[in-house]
Structure formats: structure tokens, C-alpha cells
Amino acid sequence: MFLLLFYNTSNKIMELQRQNLKTTSSFSLGQFHISEDCGFLLPKPLKELSDHYRPWMEIASKLSDLIESHQLRAHVNEMPLLSCQFLKSYREQRLAHLVLSLITMGYVWQEGEAQPAEVLPRNLALPFVEVSRDLGLPPILVHADLVLTNWTTRNSERPLDIRNLDTIFSLPGGESLRGFILVTVLVEKAAVPGIKALVEAMNAMLQPSQDSLLQALQRLRLSIQDITRTLGQMHDYVDPDIFYAVIRIFLSGWKDNPAMPVGLIYEGVSTKPLKYSGGSAAQSTVLHAFDEFLGIHHSKESGDFLLNMRDYMPPSHKAFIEAIQSGPSLRDHVLSSENGPLLTAYNQCVQALADLRSYHITMVTKYVITSAAKAKGRKLSHLPGPPQALEDRGTGGTTVLSFLKSVRNKTLEGILPQSG
């Protein structure tokens, strides 16, 4: 029943947005609840809920300590069952989803992969599924929670850089987890000019205006290059050993995970275990939008995984990708225009996207593959030992390096031949 409600909610929102698109002659970010300033980040996320939800907030505020002292499950088991009916706004729902998803990950993985919880108690499962249904999101920690809703500025007058940012809630991992989340926030921010350029390019094809399209593609390339540079800040703020041995387990899901082969029972929701993928960079709307716009087609296995990840995005963001997909084809437009500068600009965007993916491969090699080798036979801190079930897999459940290389290689295949 939950799955049916989840998809009905998502489909209604997306159908409404597709209808809106058909009645207008141009694309805009506002149609899809995407911020002009923050892109897919939720602008100025809330940090507090009403007093009714104090039991959730108190647990969330000391989550790391409760997990590290192995007391979280006991606290959650004593938590009252609260209804989501007092969540009055979309922003309150997003904060509730963040809080409940973090508590869920802590509850499931408190004792590490050797003793994951098999049942999520009803006082956590019922409200989590309720707010998930209202938002059209699955009841697990997703990129839209950990990153898009989990950031705040220290000084609203100052620019968004890592010194002026903080997380709202955390899990074990200390400064490395904080760095991982906030660098990813900055990656999303670096994508904003690219998302705007994409919309301008779509409108330039509808008008049509070759000059406007050329300028938009040039801005898109610069944004993709800036994303790559921003991603490099991970090296400064995230310790690979802490990421691998401490953080990754709490981002892991219960689908395609050998540590939880049957899934997780959500008590009071379903008597059968449910399976959901863990958090993944593939849940960010940014690269999906760029792929659709540039006409990049992935192999069946990789493409199916990426398509599945769209169900882990806010429905309006998924609708944005689908609107690009159903809009005019940039690739066909470039090929039919026989415009040399336009072809060059298109190829530079595809190359920049492939370069970003190559850089991502080097990061994953450092933070997962190399760290896995180092972590064998060594235990960090008082937390459970490093996960072995997902040793060569991403937290989303894919065999990570082969997946990323396939995606990068298919991106390179998108480069068009230059005549002359």
C-alpha cells in the first residue's frame, strides 16, 4: 500500500508539472520548485519543528553520541508514536524526513553490519512512511535529506563557502562527515549556473537563437568544470579512512546489500521486508539533467540503476529531468545546424562532463578501494569495524568502479565528430 501511495503522489505532482510545461512556451526553474540561487538545494532549510516533535529532535540532536554509546535503539524504543498531521509546511516535512531518516540509519546500523536491525519499530516506521508518502520520497536516507536539506549558514550575509557553512544534524564521522556533506552542498551550488544555462539553452532552441544557445553552452561547460574543482575540496576536509571505516555504513541501504539480503521490516506498514537503496551521488538531479540535455545514453545496467535513482529524488526534480527529456533534442539541433562553433561548444560540454566523471573515479578509488585495502585487519575507534559486505560497492549497491567507468565511457561516446 505504501508503495502505491508513494508512486501515486509522485505521479500526480509530475503530471501537473508536465501539463504546466505544455501550456507555456518556455522552461523555467520555478515550474519545478528549483531555486534561482540555490538550485536543487532547499533554500534556508528549517532547523526546528514544533514542540510536538521534541522527542524526535532531542534524539536527532545527540544522534552520534547515542550511536557511539550503543544507546540509540533503546531511546528510539521508548519514543512516543507521533502523527505527521502537525507538520504544516513543505519545509517542515522535509526537516521531519531528514530527522527520521537519520534516526533510521542509526537504528539499523548501530551495531554495524554484523548485527543490523531487522525490524524498524512502529513508532519510527509509521511517521517515517507517512511523511515519505506526503513528499513522494522513499522511507530511507536520500541525497535530498543528507545534503539538500541538511545545511545552514553561520552568517547569512556572507557567501556560501565551507567556512560559513554547517550541517544541521550529523551521524558518526565528526569533521570528516561534516566535510563530506558540506563539500557536496558546494558541488550542488556550483551546479546552479549550469542548471540556469541548461534552461536558457532549451529556450534558445525553442525560439530559436543560435547565439543565445552558444553562450548558454559555454556557461554550462564552465559550470561543469567548476563542479569538478569544487569536488576536489573533499581531499582537504574528508579523511579517507574515516569515510570508509566509519561513515559509509550509515549511508548504506537494504537493497543489493549482502549484509541485509532480505530488506527491512517497517513495523505497522508491511509484514514483508521492504528494500531501498542507500544514499548515492546518483540521487543528485544535477548529472541526470546534464545527461538528458546533452543526449548521453548509458548501458542498460547502468542506465537502469540511474533511472531507479530518480525515484529517490523529490518528484518535482524528477519532473525537471523528464521535461528536458521530452523537450527539443540539443544533439539533433547541433547536428542539423551545421554550425561549427556550436558543435565545438557542445563537444566541450560533453568532454567536461566526462572529465568530471573521471575525477569522480579517482575520488572513489581513494576513498573506497584504497581505504578498503588499508582497513582490512584494522579497527578504527570504538565503532564497529569497517564494512565488508559493501567492500567493492557504492552505498547505493552498485559495483562501484565498473559502474562509474561505464558511465564515464558512455559519456565520451557522446562526443560528435568534427568535420574538416
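## The listed histidine

Histidine 360 is found in helix α17, which covers residues 340-375. The model described here is predicted. UniProt lists His360 under "binding site", and that entry is unreviewed.

How open is histidine 360 to its surroundings? Its relative accessible area is 26%, so histidine 360 is partly exposed. Which residues does histidine 360 touch, once neighbours within four places in sequence are left aside? They are Leu231, Ala281 and Leu404.

## The chain as a whole

Now step back to the full chain. It contains 18 helices and 4 strands. The protein chain has 420 residues, and buried residues make up 56% of them.

Contacts also link distant parts of the sequence. Take the contacts with a separation of 6 or more. Residues 24 or more positions apart account for 80% of these.

## Two helices that cross

Helix α14 spans residues 300-309, and helix α18 spans residues 400-412. Their axes come within 10 Å. They cross at roughly 100°. Angles of 65 to 115 degrees count as roughly perpendicular, so α14 is roughly perpendicular to α18.

Which residues make the contact? Helix α14 supplies Ser302, Phe305 and Leu306. Helix α18 supplies Phe403, Ser406 and Val407. By type, the residues of this contact divide into 4 nonpolar, 2 polar and no charged.

## Salt bridges within a helical turn

Side chains of opposite charge can pair when their charged atoms come close. In this model the count comes to 14 salt bridges.

One of them joins lysine 300 to aspartate 304. The closest N and O atoms are 2.6 Å apart. Both residues belong to helix α14. They are 4 residues apart, so about one helical turn separates them. Lysine 300 has 63% relative accessibility, so it counts as exposed. Aspartate 304 has 39%, so it counts as partly exposed.

Another salt bridge joins glutamate 175 and arginine 178, with an N to O distance of 3.6 Å. Both residues lie in helix α8, residues 174-190. They are 3 residues apart, about one turn of the helix. Is each partner buried or exposed? Glutamate 175 counts as exposed because its relative accessibility is 58%, and the cut-off for exposed is over 50%. Arginine 178 counts as buried because its relative accessibility is 15%, and the cut-off for buried is under 20%.

## A network and one more pair

The pair in helix α8 has further partners. Which residues are linked with Glu175 and Arg178 in a network of salt bridges? They are Arg154 and Asp166.

Glutamate 413 and lysine 410 form a salt bridge as well. Here the closest N and O atoms are 3.3 Å apart. Glutamate 413 is exposed, with a relative accessible area of 52%. Lysine 410 is partly exposed, with a relative accessible area of 28%.

## Putting it together

Three points are worth checking in the structure. Find histidine 360 in helix α17, in contact with Leu231, Ala281 and Leu404. Then find the crossing of α14 and α18, at roughly 100°. Finally, trace the salt-bridge network of Arg154, Asp166, Glu175 and Arg178.

Conventions. Residues numbered from 1 in each chain as written. Predicted model: local features only at pLDDT ≥ 70, side-chain atom pairs only at ≥ 80, totals over all residues. Heavy atoms only, no water. Axes fitted to C-alpha atoms, helices over the stretch in contact; angles between N-to-C directions. Helix = DSSP H or I, 4+ residues; strand = E, 2+ residues; numbered from the N terminus. Parallel < 35°, antiparallel > 145°, perpendicular 65-115°, else oblique. Contact = heavy atoms within 4.5 Å. Nonpolar A, V, L, I, M, F, W, Y, C, P; charged D, E, K, R; others polar. Salt bridge = Lys/Arg side-chain N within 4 Å of Asp/Glu carboxyl O. Buried < 20%, exposed > 50% of the residue type's maximum accessible area, 1.4 Å probe, protein only. UniProt positions renumbered as here; feature names shortened; annotations may be inferred.
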